There are 2 protein chains.
Amino acid sequence: MAFDPARLRYNADGLIPAIAQEAETGEVLMLAWMNAEAVARTLAEGRVVYWSRSRQAFWRKGDTSGHVQELVEMRFDCDEDALLLLVRQTGAACHTGRRTCFYRAVRDGEEVETEAL
Amino acid sequence: MAFDPARLRYNADGLIPAIAQEAETGEVLMLAWMNAEAVARTLAEGRVVYWSRSRQAFWRKGDTSGHVQELVEMRFDCDEDALLLLVRQTGAACHTGRRTCFYRAVRDGEEVETEAL
């Protein structure tokens, strides 16, 4: 069956959460948001395009930072309201310069950093 | 620094998205939602507790299905508005009986199943 971005379920703002995972290592890099056009553009270009909620604009990952996300495969979940993007990440996914945005953990009730700068 | 669930950023409904990832294999299993109390209960119990948006109730994963998620580690992202849960999943994470909820992919514009029932 041909895939149509309109078959996904978007929230009241027209957005769906997208998890980016490094295809080679399985590391979860970030969670960001897409609208239907961002989904279509990501599939067409083979480069990940999000929707920036803060800037209210398309955000083609890497255009300013050089930290491109090349799409390896797009998956979607049973409820059709979440995406999993298998990617090849150039450089850091996180704007802090870390490889992953998920660099803080809770251990024994304390916050700890799992990836130093 | 001691971790307080109130330091996270929740959406207008008081919820934050939580990605569950199998700690051993790195497989992304599902995305669901938590409120601050679900975060606190998950940390206190060492078992993952979500907030069910459809049922508007706490949802301690596995209570009815037996498909428990044991928490290995909770992480949070740079913007403090997304969680990554490293878990040990008993049985299937997905209500369809599949190991992961992300069992459909888009390949060459077509929907394909990546995990059969």
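Start by selecting the open sheet of this predicted model, which has 6 strands in the order 2(A)-1(A)-6(A)-5(A)-7(B)-8(B) with mixed pairing; two strands pair if DSSP finds at least two bridges between them, and strands (E, at least two residues), like helices (H or I, at least four), are DSSP runs numbered from the N terminus. Strand 2 (28-34) of chain A and strand 8 (110-113) of chain B stand at the edges, each with a single partner strand, so one side of each is left without a neighbour in the sheet. From one strand to the next, the twist averages 35 degrees.

Next, select strand 1 (residues 16-22) of chain A, which runs antiparallel to strand 2 of chain A and is joined to that strand by 6 bridges. Within this pair, look for Ala20(A), which stands opposite Met30(A) in strand 2 of chain A.

Now add helix 1 (residues 36-45) of chain A, which lies across strand 2, strand 5 (69-76) and strand 6 (83-89) of chain A together with strand 7 (104-107) of chain B. The helix runs at about 120 degrees to strand 5 of chain A, where axes are lines fitted to C-alpha atoms, for helices over the stretch in contact (heavy atoms within 4.5 Å), and angles run from 0 to 180 degrees between N-to-C directions.

Finally, show both chains: a rotation of 180 degrees with 0.0 Å of shift along its axis superposes chain A on chain B, with an RMSD of 0.0 Å, by least squares on the C-alpha atoms of residues with pLDDT of at least 70 in both. The two copies are thus related as by a two-fold rotation axis, and in chain A the C-alpha nearest that axis is that of Gly26(A), 2.6 Å from it.

Residues are numbered from 1 along each chain as its sequence is written, and chains are lettered from A in the order in which they are written. Local features need pLDDT of at least 70.

Definitions and conventions
Predicted model: local features only at pLDDT ≥ 70, side-chain atom pairs only at ≥ 80, totals over all residues. Heavy atoms only, no water.
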